[in-house]
Amino acid sequence: MTKLQVVSTCVIRSQKSIEKKIQLTPWDLQLLTVDSIQKGLFFHKPNLQQHRELAKSSSEIINRLKISLSDTLNHFPLLAGRLVASKNSDDTLSFFVDCNNEGAEFTYVTAPDLTVADILEQTYMPKIVKSFFPLNGVRNYEGVSKPLLAVQITELVDGFFIGCTINHCVADGTSFWHFFNCWSEIARNGDSNHIVNKPPVLDRWFPEFVASPIHVPLSKEHVHDEFDLPLLEERVFHFSKENIAQLKAKANSEYGNHQKICISSLQAVLAHLWQSVIRCRCGTNADEKFSFKLLIGARQRLQPHLPEGYFGNAVHFVNVTTTAREMLEHDSGWAALQMNKVVSTQTHEEVMNFYQSWVKNPKIVKKSEVVANSLIASSSPRFDVYGNNFGWGRPVAVRSGAGNKHDGKMTIFCGAEQGSIDIEACLTPETLHAMGQDAKFMGAVSKIEIV
């Protein structure tokens with residue numbers, strides 16, 4: 001069994017300290033008691049010839065990453081800060097980010113007998129991948145004392161894994177990859193004074209009807225929201241551009257065209273996967289209700305209020321609910337249609353209604369409430385994952401950490417080939433193994449070619 005060896009841990013600070021406090025919005029505050037975002041990238045090492053050069057080059061790479069991370073924090077000072085919780089007279093709490101430059105955590109680890117292929121060529125994700133991420137098990141409210149950003153560089157025999165953990169109260173997936181993209185851009189450019197292509201907008205948006213700071217009734221029930229997870233496994237299912245086009249065309253020909261709507265590529269893929277999960281889950285009651293929780297992004301729906309580069313959270317969940325019987329009596333296009341109908345209701349007005357109703361009656365997401373008979377889709381194929389070149393080539397794969405994983409968590413990434421989609425499925429071993437034998441489902445799944 002491979003054991004990781006910790007080489008060093010240090011604190012990385014911005015070179016430009018500022019005095020700034022950033023109040024949190026309902027989109028941020030709803031995530032106080034869940035886990036941080038954990039995503040990371042595999043890279044091959046630069047082409048090296050000798051061991052001495054390898055050692056020298058590895059140290060140079062680690063040093064470059066440290067320096068460029070510090071430069072990047074100049075643009076993202078909140079990631080070097082900490083959460084602050086202040087108690088109100090009505091026994092509620094208010095939270096803000098203090099950009100106090102306490103710093104981000106940077107850890108360098110080696111896995112001396114592990115190769116990139118040892119991870120990526122396995123059908124099921126090796127458990128060791130979880131240890132490639134820092135701050136495992138840390139909830140977002142712990143950002144009052146824990147770093148809001150932690151990075152772990154794991155050196156493999158022939159590659160590196162750059163694992164990043166960001167407190168979910170300060171960033172959603174869009175903002176996570178915005179930071180990652182800027183960091184790789186600065187590292188690749190090698191100039192401390194480099195002006196990033198898309199500077200972050202740090203100030204949060206509050207409508208006129210919302211008084212800031214928002215009061216949150218955070219109880220011990222939320223903080224001690226513990227539950228036992230079943231045994232879980234993870235597998236990445238790859239959908240090629242061609243197979244996605246076929247799923248989309250089939251769904252639209254069966255259901256979309258007749259109702260004069262356009263089922264999207266992602267809706268067609270997720271419906272195909274959802275139907276297989278229900279087909280393969282042992283002991284499913286035909287009349288039992290199942291839901292698929294989808295993330296609704298507010299950035300496009302609330303323009304011009306949320307400018308380009310808005311850094312923070314701007315998402316909320318919606319439920320698509322049906323029964324096992326309905327799902328299995330129809331083709332997957334029917335499930336895609338149900339998704340399309342729910343998503344189409346999320347207009348500018350609906351997003352504003354969520355914001356306003358949350359302020360009146362704050363609802364903190366509890367991990368124990370999102371796991372029963374539900375799938376949850378997170379992340380997006382629109383994020384620029386494979387454009388993250390730190391100066392020695394593009395990544396070869398992306399993986400997520402243990403944060404917020406449960407039976408039914410589906411993490412969506414763009415594939416390495418343009419137009420493809422990878423779905424990192426977290427399910428019980430029985431369900432996941434059965435899906436691998438589900439000919440109808442696997443007919444649209446392709447083998448991942450590792451470059």
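A residue counts as buried when its relative accessible area is under 20%, and as exposed when that value is over 50%. The exercises below apply to a predicted model.

**Exercise 1.** Determine whether Ser 58 is buried or exposed, and list its contacts outside the local sequence.

Solution.
1. Ser 58 sits in helix 2, which covers residues 51–73.
2. Its relative accessible area is 4%. The cut-off for buried is under 20%, so Ser 58 is buried.
3. With neighbours within four places in sequence set aside, Ser 58 touches Lys 45, Tyr 108, Glu 155 and Phe 160.

**Exercise 2.** Find how many disulfides the structure holds, and examine Cys 99 as a case.

Solution.
1. A disulfide requires two cysteine sulfur atoms within 2.5 Å.
2. For Cys 99, the closest cysteine sulfur belongs to Cys 169, at 15 Å; this is too far for a bond.
3. The count for the structure is 0 disulfides.
4. On accessibility, Cys 99 is buried at 3%, whereas Cys 262 is exposed at 54%.

**Exercise 3.** Describe how helix 7 and helix 9 cross, and which residues meet there.

Solution.
1. Helix 7 spans residues 265–280 and helix 9 spans residues 332–344; their axes come within 8 Å and cross at roughly 125°.
2. That angle makes helix 7 oblique to helix 9.
3. The crossing of helix 7 past helix 9 is right-handed.
4. From helix 7, the residues in contact are Gln 267, Ala 268, Leu 270, Ala 271, His 272, Trp 274 and Gln 275; from helix 9, they are Ser 332, Ala 335, Ala 336, Met 339, Asn 340 and Val 343.
5. Sorted by class, this contact of helix 7 with helix 9 has 8 nonpolar residues, 5 polar residues and no charged ones.

**Exercise 4.** Locate the cis peptide bonds before Pro 213 and Pro 304, and the positive phi values at Asp 91 and Leu 135.

Solution.
1. Most residues other than glycine have a negative phi, and most peptide bonds are trans.
2. The bond from Ser 212 to Pro 213 is cis, with omega near 5°. Pro 213 lies in the loop between helix 4 (173–189) and helix 5 (220–223).
3. The bond from Gln 303 to Pro 304 is also cis, with omega near 10°. Pro 304 belongs to the loop between strand 10 (289–297) and strand 11 (315–323).
4. Asp 91, not a glycine, has a positive phi of about 65°. It occupies the loop between strand 4 (82–87) and strand 5 (93–98), and is exposed at 61% relative accessibility.
5. Leu 135, not a glycine, has a positive phi of about 60°. Its loop runs between helix 3 (116–120) and strand 7 (149–155), and Leu 135 is buried at 16%.

Definitions and conventions: Residues are numbered from 1 along each chain as its sequence is written. This is a predicted model: local features need pLDDT of at least 70, side-chain atom pairs count only at pLDDT 80 or more; totals for chains, interfaces and linings use all residues. Side-chain values use heavy atoms; hydrogens and water are left out. Buried means under 20% relative accessible area, exposed over 50%, partly exposed in between (1.4 Å probe, protein chains only). Axes are lines fitted to C-alpha atoms, for helices over the stretch in contact, and angles run from 0 to 180 degrees between N-to-C directions. Helices (H or I, at least four residues) and strands (E, at least two) are DSSP runs, numbered from the N terminus. Angles under 35 degrees count as roughly parallel, over 145 as roughly antiparallel, 65 to 115 as roughly perpendicular and the rest as oblique. A crossing is left-handed if the near helix is turned anticlockwise from the far one by less than a right angle, and right-handed if clockwise. Contact means heavy atoms within 4.5 Å. Ala, Val, Leu, Ile, Met, Phe, Trp, Tyr, Cys and Pro count as nonpolar, Asp, Glu, Lys and Arg as charged, and the others, Gly among them, as polar.
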